[in-house]
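These are my notebook entries from a session with one structure. I went through sheet pairing, salt bridges, helix packing and aromatic contacts in turn.

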Amino acid sequence: MKKLILSTLCIGIAASTFGQSNLNTSKFKQLKEELATPNVYRTASGAPGHQYWQQKANYVMDIVLDDEKQTISGEEVITYVNNSPNTLEYLWVQLDQNMRAKDSDTKKIKTGSLNDKMSFRDMNRMHSDFDGGFKLQEVKDKSGKDLQYVVNNTMMRIDMPSPLKPNASYTFKIKWWYNINDRMKIGGRSGFEHFEKDDNHLYTIAQFFPRMCVYNDVEGWQNKQFLGSGEFTLPFGDYNVKITTPKDHIVGATGVLQNASSVLTSKQRERYKKAQSEYSTPVMIVTQEEAEEAEKGKAKGTKTWQFSAKNVRDFAFCSSRKFIWDAMAVKIGGKNIMAMSYYPKEGNPLWEDYSTKVVAHTLKTYSKYTVDYPYPVAISVHTKWIGMEYPMICFNGGRPNEDGTYSKSTKYGMIGVIIHEVGHNFFPMIINSDERQWTWMDEGLNTFVQYLTEQEWERGYPSRRGSAQNIVPYMKGDKSNITPIMTNSESINQFGNNAYAKPATALNILRETVMGRELFDFAFKTYSERWKFKHPTPADFFRTMEDASGVDLDWFWRGWFYTTDHVDISMDKVTWYKIDTKNPEIENPIKAKEYANRTKAISEIRNDDEKMVKQTYSEADPSILDFYNKMDQFEVTVLDKEDYEQYLGKLDESEKDFLSSNRNYYQLDFTNVGGLVMPLVLEFVFTDGSREVRRIPAEIWARNNKEISKVFFFDKEVQSITLDPFLELADTDMNNNFWPPKQEPSRFQLYKSGGYSRYGGRGGENPMQRANRLKERKEKDK
């Protein structure tokens, strides 16, 4: 403990906190250079401008699914509406299936290495000679005349006979076919899975038609090649789609079924009608018994399903004779939404128990935090592995074992992926960001709301992404293998951590620690409302979050989104002070005690040296000792008391109160080791056992980004201090977060000491299998 000496005159000298560089390298530098200049299309507040515009593309399609050959063939009529103020000389169309063509750039640029042990799956993919890609048969104008076009890998330029003027539209036709990929062998966002036991296929079909590129005020034509990572950027439009499949297939798709009387039995229509007024328990439209019966034979002939979807950016569908189908209603914004699931018997019991209920929960929770779900239906389709999203329909993994048991990770993995993929209806299907450019704008924002939705599904839900603790290993990793969040989708390292986990965690920290829930939720909902059915950019998001909250967040966006800095704040030193009262009757005994302790400590250090000296000169001849050797420097004298009284006479009452307050002052010195500036969250534990938490805004680092000191004072004496006590800052090194210092155990030490428990069953059995075995043992014992 140190003493503070108070003076009636105090002269403060502030040290310069700015470097001598000619450049502004402050972590609080405003994002003026990084963000586009506001204009009539996009305002400085982050809202669409008064002259904002966007294009529209309408589709009429006839699609045929050939279950014998595993092919898709189709004809489409596209009507492209030019709402821009610009005259367009040509149109750009996406040919995403071409990434699977034998000569695709995706295959050419794929890197890899050989290990001593390689899986058959990896080897099959390496040797795959799959003949993918669109086989274009016709590109014609609406009158049937051939159009000039150029195919550049996954992009096709349509050269119109004459330029397309503002507020005009152009209609053209494309005919094509392609081979459907086997997802289980060569992977893919869509494709088919073959079930050997009953020789049937389950199709999840997407990116199956040539689709218009986005043309906007930011990129012009977004015709960046599809190489596999950066997903899709698409304009809104209306779809009328006919899908011809085998007669005994059940089909689910984007939009609303238009010809139920032609493709569904009377019993199925009756069940569907019942589901429209059922809000708690899904109604079986096609039961497992009926699906199993359909599996046994392959009906001859075909059936055509017709769907209509308004104001969507894409279209996808699923088809199989294996499908069980259930549905229930969800009330959102005064409207009935149909939540539905399609799954084979291999998905049960998990899918029948959870899928549609999770869909309903997701729609309600996302609507609370973003915008009311505007579409009439939301569908979850079973697959073995993948998770992939499209308007009103998504494909989700999560398959139990053949005996019907499942692990905890399978259950929560399935629930999590359904929440995530259904959530993509909001980001980017409604709030339509540019996935080809910025993956984080849909994946990161969606993963953040997914985290909130998971926590509202079940208390203590084991969320995979979104919490500060889970991102720590990535944040403190090798920086040579980490890229900033603001990196183009095709150039990202560690895709899942960069585009999903880090932005989701950043937003969680922003909500819980930086802004607070009320300010954050209002701003986030404002962004969602402003940009629903529009094309936002990162600048629109950053600006809206600040505009709607009144919080300057440039430092946060810069650190979390533009750099690879990590959080490591070190509490280097804590110095304890008490005010020197000047009262000799109080201070002198304290000084005497401190002196005695110090002398004793020195004596113990010098103990060996003193033993070597048998007798000092002063001990042999005491006559040399004088006044200074004999005086008691801590004795309280009359003069000391008079000096004290004179000192008090010069003070006013408030100054006297300070002297007698007996407060404890603590100077805390911090260093920003990781580079990422963050708020300080400190927990003080006092000697009487009580606690107090202090939250200091990140702006404390504004004048010095590297080192700061902060003084706290209390009436009680502090026993210990913890920085980031609730593990909410993603601090990568907790060992420098304690006073008095202490070491946090490593994960290995925790595991060895029993802090981690890991289930270990016989032969890798899961807990459900073990419980069944225990039940059988008990029955046997009886």
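The entries below record what I looked up, grouped by topic.

**Entry 1: status of the model.** I noted at the outset that this is a predicted model.

**Entry 2: the sheet around β25.** I began with strand β25, residues 569-579, and found it mostly covered, with eight of its 11 residues buried. I then asked which strands pair with it. Strand β1 (residues 2-4) runs parallel to β25 and is joined to it by three bridges. Within that pairing I located K2 opposite Y577, and K3 has K578 as its bridge partner. Strand β26 (residues 664-672) pairs with β25 in the antiparallel sense, over nine bridges. There I recorded K573 of β25 with its bridge partner D669 in β26.

I next traced the whole sheet. It is open, has four strands in the order β1-β25-β26-β29, and its pairing is mixed. The edge strands are β1 and β29 (707-714), each of which pairs on one side only. From one strand to the next, the twist averages 35 degrees.

**Entry 3: salt bridges.** My search of the whole structure returned 40 salt bridges. I looked up three of them.

The side chains of R211 and D96 form one, at 2.7 Å from N to O. This pair links distant parts of the chain: R211 belongs to strand β11 (residues 211-212), D96 to the loop between β4 (88-94) and α1 (105-109), and the two are 115 residues apart. Both R211 and D96 are buried.

K322 and E295 also meet in a salt bridge, with 2.6 Å from N to O. K322 sits in the loop between β19 (317-320) and β20 (324-332) and E295 in helix α6 (residues 288-296), so the pair ties together parts that lie 27 residues apart in sequence. I asked whether K322 is buried or exposed. K322 has a relative accessible area of 0% and is therefore buried. E295 counts as buried because its relative accessibility is 8%, the cut-off being under 20%. Shared partners join D198, E295, K322, K345 and E346 into one salt-bridge network.

For E33 I found a salt bridge with K29, the closest N and O atoms being 3.3 Å apart. E33 counts as exposed because its relative accessibility is 61%.

**Entry 4: helix α10.** In α10 (residues 468-475) I listed A468, I471, V472, Y474 and M475 as buried. What do the buried residues of α10 pack against? They pack against α11 (495-515) and α14 (554-562).

**Entry 5: aromatic rings.** The search of the whole structure gave 57 aromatic pairs. For F192 and Y203, the ring centres are 6.0 Å apart and the planes stand at 55 degrees, so I entered the pair as tilted. F192 lies in strand β9 (residues 191-195) and Y203 in strand β10 (residues 200-205), 11 residues apart. F192 is buried at 8% relative accessible area, and Y203 is buried at 0%.

F686 and F714 form an edge-to-face pair, with 5.0 Å centre to centre and 70 degrees between the planes. F686 is in strand β27 (residues 680-686) and F714 in strand β29, 28 residues apart. Both are buried.

**Entry 6: charges over rings.** The ring of F686 reappeared here: K716 lies over its face, 4.7 Å from the ring centre. I also recorded the charged end of K135 over the ring of W177, 6.0 Å from its centre.

Technical notes: Residues are numbered from 1 along each chain as its sequence is written. This is a predicted model: local features need pLDDT of at least 70, side-chain atom pairs count only at pLDDT 80 or more; totals for chains, interfaces and linings use all residues. Side-chain values use heavy atoms; hydrogens and water are left out. Buried means under 20% relative accessible area, exposed over 50%, partly exposed in between (1.4 Å probe, protein chains only). Two strands pair if DSSP finds at least two bridges between them. Axes are lines fitted to C-alpha atoms, for helices over the stretch in contact, and angles run from 0 to 180 degrees between N-to-C directions. A salt bridge is a side-chain nitrogen of Lys or Arg within 4 Å of a carboxyl oxygen of Asp or Glu. Contact means heavy atoms within 4.5 Å. Rings of Phe, Tyr and Trp (its six-membered ring) pair if their centres lie within 6.5 Å; planes under 30 degrees apart count as stacked, over 60 as edge-to-face and the rest as tilted. A charge sits over a ring if NZ of Lys or CZ of Arg is within 6 Å of the ring centre and within 35 degrees of the ring normal.
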